[in-house]
Amino acid sequence: MSSSALINKLEAIIEMKASPEQFYDMLANKPHHLHHACSDKIQGCDLLEGQWGKVGSIIRWRLVLQGKAKAGKDMIEAIDPDKKLITFRKLEAEILTEYKSFVYTIQASPKSEGSRSVVHLTFEYEKLHHGTAQPQFLQQFMVDVCKDIDAYLTRPN
């Protein structure tokens, strides 16, 4: 089997009440505020290098994943304010014991009615071997985080 069989993609779509601008701003420019929206999942993050919302910046995340405290480092690989898109590459994380590479993209787009939006999550990864499972637990984690962010951004004042 070719190594291309080890390269995979997993996607999810989440409908949001928040505007694409609100959602994107939180992820790109204020990720250090995410723990306010979903403290049971994201306990915090630190900017290790660069600037919030800039390509090449490195962020250390402190998470609760599958009931366990985890930490990892991601680099912002791409960012497009016009498309409300941000791409992260995992640099250090437990997940890299199963995957050679792991990149995830989050894009918020306007929905046809009102200020609502649709968030498109894309995970692109290369498994280390054929027996490695799809990272559906991480996909569900990110869907839940997006829903929590939406609830936080659209809560009554």
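In this predicted model, glutamate 49 stands opposite isoleucine 58, a residue of strand β3. This pair belongs to the contact between β2, which covers residues 42-49, and β3; the two strands run antiparallel and are joined by six bridges.

Strand β3 also pairs with β4, again in the antiparallel sense, and here eight bridges are found. Within this pairing, arginine 60 has lysine 73 of β4 as its bridge partner. The connection between β3 and β4 is a hairpin with two residues between the strands. Glutamine 66 lies in the turn and has a positive phi of about 55°.

Both strands of the hairpin also contribute to the largest pocket. Residues 58-65 form β3 and residues 68-80 form β4, and each of these strands supplies at least two residues of the pocket lining. The same holds for β5 (85-92), β6 (99-110) and the helix α3 (136-153). The largest share of the lining comes from α3, with seven residues.

The volume of the largest pocket is about 560 Å³. Its lining is made up of 33 residues. Nearest the centre of the pocket lie Leu63, Leu65, Ile95, Phe137 and Leu138. By residue class, the lining of the largest pocket comprises 22 nonpolar, five polar and six charged residues.

Conventions:
Residues numbered from 1 in each chain as written. Predicted model: local features only at pLDDT ≥ 70, side-chain atom pairs only at ≥ 80, totals over all residues. Heavy atoms only, no water. 1 Å grid on protein atoms, 1.4 Å probe; cavity = no way out; pocket = protein on both sides within 12 Å on 5 of 7 lines; lining within 4 Å. Points joined across faces, edges and corners; volume = space filled by probe spheres on them. Helix = DSSP H or I, 4+ residues; strand = E, 2+ residues; numbered from the N terminus. Nonpolar A, V, L, I, M, F, W, Y, C, P; charged D, E, K, R; others polar. Pairing = 2+ DSSP bridges.
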